[in-house]
There are 2 protein chains.
Amino acid sequence: MRDEVTDSLLRAFLEEWAVHGYAALSLERVAARAGAGKAAIYRRWPSKLALAVDAVQKFGMVLTDVADKGALRNDLEAYLLMLRRALRHRLVRKILPDLYAEASRGSELAPVLKDLSVSRRRGGVSLIERAIGRGELPAVIDRELAMDMIPASLYWGMIVTRRRITRVQIQRQVDALVAGLQAI
Amino acid sequence: MRDEVTDSLLRAFLEEWAVHGYAALSLERVAARAGAGKAAIYRRWPSKLALAVDAVQKFGMVLTDVADKGALRNDLEAYLLMLRRALRHRLVRKILPDLYAEASRGSELAPVLKDLSVSRRRGGVSLIERAIGRGELPAVIDRELAMDMIPASLYWGMIVTRRRITRVQIQRQVDALVAGLQAI
DNA sequence: TAGCGTTGGAACGATACCGTTCCGACCTAT
DNA sequence: ATAGGTCGGAACGGTATCGTTCCAACGCTA
């Protein structure tokens with residue numbers, strides 16, 4: 001199996017996903033965009049879902065852990081800057097919302113999102129646990145809500161309302177989060 | 001044109017949208033689900049998009065303004081409870097994320113979301129302006145970020161992570177918002 | 001009872017896509 | 001030079017859907 005054909009197919013798959021959404025994504029168009037034959041797809045993956053799983057994993061939409069920056073606000077800022085970079089990606093900002101929509105309607109893609117969420121949660125959890133360890137947040141904090149709050153506003157601003165979020169606005173979001181996280 | 005046929009078609013359209021997403025929504029299946037003929041659809045609407053516009057408007061996914069409750073935290077609580085009720089709706093929680101996904105990829109549906117956003121923004125704006133008027137929030141608040149923050153965490157918790165959000169958790173979100181909104 | 005509007009369902013001609021199979025051509029290793 | 005793996009593209013038999021047109025039947029009104 002030639003690697004460059006595989007890579008082309010994965011890339012074409014993500015491009016088609018970004019344009020049409022997963023539900024209306026056609027493997028025939030994926031093959032055409034990759035300059036390959038459909039046989040080349042079915043030689044590698046048994047189904048559209050298998051391709052999707054592979055594409056998401058290899059594409060690296062997973063957010064990594066944020067290294068300890070010594071203070072909650074610094075960790076939050078690093079995390080939000082990383083998230084902003086990810087959400088600015090031309091493909092991520094179209095595919096991620098579609099993944100959420102698919103999961104909401106109980107699609108076969110729901111497990112893919114679950115895998116993504118597991119790694120993202122790990123990032124959020126360690127950030128919060130470090131803050132608790134430093135005494136910056138109470139140990140009784142509602143961790144679930146905390147992990148909702150951290151990415152939510154930036155996602156909303158960038159994806160739902162499709163605005164550019166400046167560094168100053170990220171600073172403000174950090175301010176709001178530092179204040180808000182004390183309260184839950 | 002019989003009203004009951006029109007209503008059946010609109011309802012069937014929303015059901016199919018919830019199941020398949022807009023991109024893969026088939027008018028043939030809509031007609032079948034409504035127990036009507038395709039001609040009945042094309043007699044009323046020239047296109048799938050026209051039907052979508054009508055369906056969203058008549059379905060009332062628009063959030064109404066929250067009446068003045070005398071304090072920011074009361075207004076926020078009322079707003080979030082209303083939002084929770086809307087997002088708990090079996091169809092809303094599947095269609096709204098799909099609308100966001102469609103808009104993200106520059107779909108023909110983007111104007112539909114724009115219309116929804118206009119009315120939702122109005123709700124958020126008045127809530128914030130009232131708080132400023134009462135001196136509960138500074139006049140220099142970043143209004144855009146504020147309106148991101150208000151619905152974002154609840155949306156994230158209910159839609160992205162698909163959890164049930166309790167009244168206690170809404171109270172905590174209100175606490176976080178009251179604290180966080182002071183900071184931006 | 002008659003007339004008119006509207007109906008559901010099917011057919012139409014068309015395109016699109018699925019998953020599989022095929023085959024001459026290409027590429028690489030021996 | 002040869003052999004084997006892989007390729008792109010097309011065909012296959014099939015299903016699905018589009019938007020339009022048609023028509024017998026129904027429902028309602030005069």
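The legends below describe close-up views of the protein surface around two DNA strands in a predicted model.

Residues are numbered from 1 along each chain as its sequence is written, chains are lettered from A and ligands numbered from 1 in the order in which they are written, and side-chain values use heavy atoms, with hydrogens and water left out. Local features need pLDDT of at least 70 and side-chain atom pairs count only at pLDDT 80 or more, while totals for chains, interfaces and linings use all residues.

**View 1. Residues around DNA strand C.** DNA strand C is surrounded by 19 residues, where near means that a heavy atom of the residue lies within 4 Å of the strand. The closest are A:Glu28, A:Arg29, A:Tyr42, B:Arg43 and B:Arg44. Of the strand C atoms that come within 4 Å of the protein, 63% are accounted for by sugar and phosphate. By class, this surface has 9 nonpolar, 3 polar and 7 charged residues (Ala, Val, Leu, Ile, Met, Phe, Trp, Tyr, Cys and Pro count as nonpolar, Asp, Glu, Lys and Arg as charged, and the others, Gly among them, as polar).

**View 2. Atom pairs and elements at DNA strand C.** A base oxygen of DNA strand C lies 2.9 Å from a polar side-chain atom of A:Lys38. For A:Arg2, a polar side-chain atom is 3.3 Å from a sugar or linking oxygen of the strand. B:Met1 places a backbone N or O atom 2.9 Å from a phosphate oxygen of strand C. Two or more residues of the surface near this strand come from each of α2 (27–34) and α3 (38–44) of chain A and α3 (38–44) of chain B; helices are DSSP runs (H or I, at least four residues), numbered from the N terminus. The largest share, 4 residues, belongs to α3(B).

**View 3. Residues around DNA strand D.** Around DNA strand D there are 19 residues, of which A:Arg43, A:Arg44, B:Glu28, B:Arg29 and B:Tyr42 come nearest. Sugar or phosphate makes up 65% of the strand D atoms within 4 Å of the protein, and bases make up the rest. The residues of this surface comprise 9 nonpolar, 3 polar and 7 charged.

**View 4. Atom pairs and elements at DNA strand D.** Phosphate oxygens of DNA strand D lie 2.7 Å from a polar side-chain atom of A:Arg43 and 2.7 Å from a polar backbone atom of B:Glu28. A backbone N or O atom of A:Gly35 is 3.4 Å from a phosphate oxygen of the strand. The elements giving two or more residues to the surface near strand D are α3 of chain A and, from chain B, α2 (27–34) and α3. With 4 residues, α3(A) gives the largest share.

Definitions and conventions:
Polar contact = N/O pair within 3.5 Å; in protein donor to acceptor, adjacent residues only side chain to side chain.
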